[in-house]
Amino acid sequence: MLIEGVSLRLGAGEVLAVAGPNGAGKSTLLRALAGELRPMAGVATICSIPAPDWPPRLLARRRAVVSQAVELAFPLAAAEVVALGRLPWHGAGGAARDAAAVAAAMERAGVAHLARRAYATLSGGERQRVQIARALAQIDGAEAPAALLLDEPTASLDAAHRAALLTTLRALAAAGVAVLVVLHDLNEAAFVADRVALLSAGRLAASGPPGVVLRPAALAALYGIPFRGRPGDGLLPDFAAAAASPTHRRR
Amino acid sequence: MDGSGLRPLAGAAPPATRIGGGRLAALGLGGLVLALLAGALLGPAGVSAAGLLATLAEALGLAPLPEQHARDAAVLGVVRAPRVLLAAMLGAGLAVAGAAMQGLFRNPLADPGLIGVSAGAALAAVAATVLGPGLFGAAAGLLGLWLLPVAAFAGGLGATLLIARLATRQGVTGVATLLLAGIAVNALCGALTGLLVFAADDRQVRDITFWTLGSLGGARWPQLPVAALLVLLPALALLALARPLNALVLGEREAFHLGIRVEAAKRWAVLLSAVAVSAGVALAGLVGFVGLVVPHLVRLALGADHRIVLPGSAILGAALMVLADLAARSLAVPAELPVGVVTALVGAPFFLGLLHRRGAAP
């Protein structure tokens, strides 16, 4: 997916939610910000780091990424997966510092009790939380504001774990982390985000505070089906209306 | 290796107990020393422990060799010691290269053969055997007995570099493409080898057959520095890739997110493995299953952390190769079994057992 003309700022202590239809370029934007892709024009900057130009190891100490559904090639225990988050710090702080970061991250992500379990035996939600713990361990000790990028982290979580994750993201932002999270559920975006960016066909359709951006009329235009309710208070696609009026079907 | 149909051993849990790294290393090295001793002392021409000590003492200039140990010293000095040491280096190199390829391909069933080493080396070795005197002419005279190993080394390395080049676009090596290019180059090398065998005479066919089964029977001192430089050294260098390979357990993108220079790590893993295995094939022929099975054993016993799997594979591979060679020269006295037959006889059923264990997984 190509993205073009997207200009976004993600500052320390902020949660930015990125939403939009499938194929709008959300993952591409995240990969550009993560430093995986080099923009053909312009710059991808997080916390004033031009990601593709930084040495990978230094970049990894400032930004962590939680991808969707990570599967392991070889069996590792949950604590071993979280400890991989300390790889960029090898030789920097010593084993005790790494162990402390791993323990704190697992505590924070609510997976301390899973430490010795084999990752492959965990449920999808547990794996997701282990990956979040891995990312938290990775940016523990960053000298300057760190960035955490998450690609649909709530996709495999139940309601209680979604609430816990979103609360954790808010707490991280309050602690000075810049959080970018791709979300499909607009109520989650409305709850967690300081600002919401809506992407459509590789372009920025709207960006701003959730109360401004997440209006049913604008969403209907974006997704091609009607929405009802208010941001943060039962904002939902109106499936019944969509089914009743085929002209609203997706383009 | 997404979409290859081969899936990791998902259900296997890491071992629940951990002993200290230092104690583990001492245990492994102790076992290796025992295997080396067994390899040196046992076999058709037995050597006494006293004979070994006397020979060592003489070699170190500590004491003159007593008359009664002259035969032991001759057996050890001329044949046994270089053979056991070559076996150990070969086992270490093949096992570490196997572990590195499994980590790189993110698949426990990968093997250096996937990147063309064995097929390329075999093609070049067969070419040297069949066409040697005619084609290489002066070079053959110059290289003498080294013609075949030099050809095999060049062939293995050349095939790997060709495959790596085919799989690299704009500086990015696609692991799935690497596998596919490997299959194609392997098939091409196999067909060309077949053509050469078709043109070979009976004696050459017999030479080729025995070479492909692998043997350490030709081990002499001059080969040891070559093995140390081209088999052991690359294997030790691969140990430095433990952290990148650990990150690759999560995936290539995730490894980059963790600050790993993924393309550099892939290139080094392929190059060092290819050098180690090509040199191993050049010195001892095709010895299969060590690179596949040994890393598995280490993972089953000690977990999947490459900081343990790589050195553990080096030690266990060395010990098992020494013992396999001991079996090869002891089981059919006065003849010798090819060591590749021994490793395959033991390794293949073990491997089938592993497949059976994970049979329930899709």
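## A walk through a predicted two-chain model

In this predicted model, the largest nonpolar core has 192 residues, and those with the most contacts inside it are Ala17(A), Val82(A), Leu148(A) and Leu90(B). The largest share of this core, 18 residues, is supplied by helix α3 of chain B. In soluble globular proteins, nonpolar side chains tend to be buried together. To see what lies around one of these residues, we can take Ala17(A), which touches Val181(A), Leu183(A), Ala189(A), Val192(A), Ala193(A) and Val196(A), leaving aside residues up to four places away in sequence.

Chain A is built with 10 helices and 10 strands, and buried residues account for 47% of its 251 residues. If we take the contacts in chain A between residues at least 6 apart in sequence, 65% of them join residues at least 24 apart.

Where the two chains meet, 25 residues of chain A are in contact with 27 residues of chain B. On the side of chain A that touches chain B, the elements that give two or more residues are α2 (56-62), β4 (63-66) and α3 (78-84) of chain A, and the largest share, 4 residues, comes from α2(A). Sorted by class, this side of chain A has 18 nonpolar, 4 polar and 3 charged residues.

Between two of these elements, in the loop that runs between β4 and α3 of chain A, we find Ala69(A). Its backbone deserves a look, as Ala69(A) has a positive phi of about 40° although it is not a glycine. Is Ala69(A) buried or exposed? Ala69(A) counts as exposed because there are 12 other C-beta atoms within 10 Å, and a residue is called exposed if that number is 12 or fewer.

Chain B offers a second residue of this kind, Phe289(B), which is not a glycine and yet has a positive phi, near 75°. Phe289(B) lies in the loop between α12 (262-284) and α13 of chain B. Here the surroundings lead to another label: Phe289(B) has 22 C-beta neighbours inside 10 Å and therefore counts as buried, the cut-off for a buried residue being 20 or more.

After this loop comes helix α13 of chain B, residues 290-302, whose 13 residues reach 18 Å from the first C-alpha to the last, close to the 18 Å expected at 1.5 Å a residue. Its buried residues are Val290(B), Gly291(B), Leu292(B), Val293(B), Val294(B), Pro295(B), His296(B), Val298(B) and Arg299(B). What covers these buried residues includes α3 (70-104), α14 (306-330) and α15 (339-357) of chain B. The helix α13(B) is followed by Gly303(B), which has a positive phi, near 95°.

It remains to ask how confident the predictor is. The model as a whole scores ipTM 0.89 and pTM 0.87, while chain B averages a pLDDT of 85, with 90% of the residues scoring at least 70. Within chain B, confidence is highest in helix α10 (residues 242-248), at a mean of 96, and lowest in helix α5 (residues 138-143), at 60. Over residues 1-17 of chain B the pLDDT is below 50, although this stretch has 41 contacts in the model beyond near neighbours in sequence. Where pLDDT is low, the predicted coordinates should not be read in detail.

Notes:
Residues numbered from 1 in each chain as written. Chains lettered and ligands numbered in written order. Predicted model: local features only at pLDDT ≥ 70, side-chain atom pairs only at ≥ 80, totals over all residues. Expected span 1.5 Å × (residues − 1). Contact = placed C-beta atoms within 7 Å. Nonpolar A, V, L, I, M, F, W, Y, C, P; charged D, E, K, R; others polar. Core = buried A, V, L, I, M, F, W, Y, C linked by C-beta atoms within 7 Å. pLDDT = per-residue confidence, 0-100.
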